[in-house]
Amino acid sequence: GYKELKPLVNKVREQKKEIQNYMDDLEEERNTIRIVIDTISDGIILLNDDQEIVDYNVQIGHIFRKSSDIRFRKVAVLYHDEDWLRAIGMAYQKDGCHDYTMTIEDKPYRASMAHTELADGSTGLLIVLHDLTATYAAEKMRREFSANVSHELKTPLTSISGFAEMIANGMYQNEADVKLFGSRIFEESRRMMALIETIMHLSKIEENQTTITWKPVNLGRAASYAAELIEPQANARQVTICTDTEPLYVYGNPSLLSELVMNCVDNSVKYNKEGGQVTVSVHPEGEDKICLTVTDTGIGIPKEKQERIFERFYRADESRNKSTGGSGLGLAICKHIVAQHKGTISVESVEGEGTTIRVILPRMSDTDVEREEAAAGDRSGKSRRGRARRAVSGEDQKGGEESVLSGDQEQEAEKRQKGRQR
């Protein structure tokens with residue numbers, strides 16, 4: 001044969017293999033880019049200079065509810081709205097990025113449009129559609145929060161101003177009246193301070209969780225302890241608290257988890273009937289979860305109000321809250337505590353029969369608990385040796401005192417419960 005052509009044939013084969021590898025790499029890169037673009041929650045559209053759709057991601061199909069391929073069709077086919085089409089036309093004529101707010105299927109979107117160069121060198125238009133539903137909802141919540149805080153603070157301030165004015169203008173008959181007015185001012189001031197402290201506490205819980213100390217927490221023990229603390233309050237209302245718990249562990253913050261249980265139990269006692277019952281239980285849920293339930297036989301929550309009870313300042317029963325002194329923040333705090341611990345909280349209620357608050361949290365395995373406790377023991381040993389060295393040298397006495405005080409979670413829980421009883 002043609003032996004002299006063999007080197008050339010081999011060279012062609014090598015080049016063919018290289019070209020195939022190059023094409024495979026390009027295809028892989030193209031698929032990767034497509035996966036990234038389709039994963040983005042925003043809708044993306046690329047138009048050419050004739051306002052035809054060159055490409056788009058899957059989110060656009062969901063937003064405009066289009067299942068068929070619309071590539072190289074006019075953008076008006078996607079959404080025929082004169083204002084929208086006019087905004088696109090203006091974006092072609094002007095440099096820079098242009099924003100246009102629109103409503104599609106009753107949902108608000110912001111369309112950001114900017115020039116881009118296409119593969120053939122012509123000028124195209126890139127449109128990114130961002131869903132504003134969450135932004136609008138957050139803004140609405142901020143406005144409602146501001147209005148609610150103003151309203152909650154105005155009520156005690158009005159009382160304080162009124163009684164102070166009566167004293168200032170001599171509108172009293174004897175010293176007993178002055179003491180009465182003074183006591184009213186004191187009570188309203190204390191109520192206002194308690195509200196402010198609760199708001200600040202809620203804000204702290206919402207802050208970055210890197211400031212929170214995490215450790216294994218026996219949720220069953222925390223639930224039983226919370227029930228013991230609230231028992232005097234329950235006895236005063238002739239409500240019985242029953243506990244059914246198991247020693248199950250959550251990796252979390254002891255103070256926050258204690259507050260979670262106490263808020264739930266406290267609510268169940270406050271909104272119960274005379275002679276009613278509250279049942280607190282902690283049991284396994286599946287293979288790696290814990291279920292905390294607080295069930296009462298109280299007044300219940302109307303079905304149309306159940307979705308909103310975890311909102312700040314929301315009260316299902318205004319008249320009941322006035323008599324119990326509720327601020328409407330307890331369950332909002334519970335919601336944020338559960339979120340910090342990667343769990344879920346829900347409510348089931350029948351008006352006139354009772355309510356069940358159900359919390360699902362990640363459960364630590366026995367191995368994880370032993371590992372964490374061993375690591376904590378090592379840290380504690382090092383800390384004690386460090387304090388001993390500082391004590392010998394006479395340094396950091398104050399630091400040692402603070403470390404002991406910061407670990408006393410029971411005192412903190414009792415302090416908060418006393419605040420509730422007042």
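How many bridges join strand 9 to strand 10? Eight, and the two strands run antiparallel. Keep in mind that this is a predicted model.

**The mixed sheet**

Strand 9 and strand 10 form a hairpin with three residues between them. In the turn sits glycine 286, whose phi is positive at about 70°. Within the hairpin, histidine 283 has cysteine 291 of strand 10 as its bridge partner. Strand 10 is mostly covered, with six of its eight residues buried.

Zoom out and you find an open sheet of five strands, ordered 7-9-10-12-11, with mixed pairing. Strand 7 (240-245) and strand 11 (344-350) are the edge strands, each pairing on one side only. On average, neighbouring strands of this sheet are turned by 15° against each other, direction ignored.

What does strand 10 do with strand 12 (residues 354-362)? They pair in the antiparallel sense over seven bridges. Two positions help to place that pairing: lysine 289 stands opposite proline 362 in strand 12, and threonine 293 has arginine 358 of strand 12 as its bridge partner.

Helices pack here too. Helix 7 (residues 219-236) lies across strand 7, strand 9 (277-285), strand 10 and strand 12, and it runs at about 175° to strand 7. Helix 10 (residues 330-340) also packs on the sheet, where it touches strand 11 and strand 12, and its direction makes about 140° with that of strand 11.

**The antiparallel sheet**

Another set of five strands forms an open sheet in the order 2-1-5-4-3, and here the pairing is antiparallel. Its edge strands are strand 2 (53-56) and strand 3 (98-104), each of which pairs on one side only. Neighbouring strands are turned by 25° against each other on average, direction ignored.

Strand 1 (residues 43-47) runs antiparallel to strand 5 (residues 123-131), and five bridges join them. There, leucine 47 stands opposite leucine 125 in strand 5. Helix 4 (residues 82-93) packs on this sheet and touches strand 1, strand 3, strand 4 (107-117) and strand 5; its direction makes about 25° with that of strand 4.

Here are the strand pairings for which a bridge count is at hand:

| Strand pair | Sense | Bridges |
|---|---|---|
| Strand 9 and strand 10 | antiparallel | eight |
| Strand 10 and strand 12 | antiparallel | seven |
| Strand 1 and strand 5 | antiparallel | five |

**The nonpolar cores**

In soluble globular proteins, nonpolar side chains tend to be buried together. The largest nonpolar core in this model has 47 residues, and those touching the most other members are Leu219, Ile241, Leu260, Val265, Val280, Leu292 and Val359. Helix 6 (175-206), helix 7, helix 8 (254-270), strand 9, strand 10, helix 10, strand 11 and strand 12 each supply at least two residues of this core.

Take isoleucine 241 as an example. Leaving out residues up to four places away in sequence, isoleucine 241 touches Ala227, Ile230, Glu231, Ala234, Val265, Val269, Val278 and Val280. Apart from the largest core lies another one, of 24 residues, among them Ile70, Ile88, Tyr100 and Leu125.

**A loop glutamine that reaches back**

Where is glutamine 306? This residue is in the loop between strand 10 (289-296) and helix 9 (318-324). Is glutamine 306 buried or exposed? It counts as buried, because its relative accessibility is 13%, under the 20% cut-off.

The side chain of glutamine 306 reaches the backbone oxygen of isoleucine 301 at 3.1 Å. Not counting residues up to four places away in sequence, glutamine 306 touches Ile301, Val347 and Ser349. Glutamine 306 and valine 347 are 41 residues apart along the chain, yet their C-alpha atoms are separated by 7.1 Å.

**The cysteines**

A disulfide is a covalent bond between the sulfur atoms of two cysteines. How many disulfides does the structure hold? Zero. Why does cysteine 264 form no such bond? The closest cysteine sulfur, in cysteine 334, is 4.0 Å from the sulfur of cysteine 264, so it is too far for a bond; the cut-off is 2.5 Å.

Cysteine 264 is buried, with a relative accessible area of 1%. Cysteine 97, by contrast, is exposed, with a relative accessible area of 54%.

Definitions and conventions. Residues are numbered from 1 along each chain as its sequence is written. This is a predicted model: local features need pLDDT of at least 70, side-chain atom pairs count only at pLDDT 80 or more; totals for chains, interfaces and linings use all residues. Side-chain values use heavy atoms; hydrogens and water are left out. Helices (H or I, at least four residues) and strands (E, at least two) are DSSP runs, numbered from the N terminus. Buried means under 20% relative accessible area, exposed over 50%, partly exposed in between (1.4 Å probe, protein chains only). A polar contact is a pair of N or O atoms within 3.5 Å; within protein, one must be able to donate a hydrogen and the other to accept it, and residues adjacent in sequence count only if both atoms are side-chain atoms. Contact means heavy atoms within 4.5 Å. Two strands pair if DSSP finds at least two bridges between them. Axes are lines fitted to C-alpha atoms, for helices over the stretch in contact, and angles run from 0 to 180 degrees between N-to-C directions. A nonpolar core is a set of buried Ala, Val, Leu, Ile, Met, Phe, Trp, Tyr and Cys residues joined through side-chain atoms within 4.5 Å.
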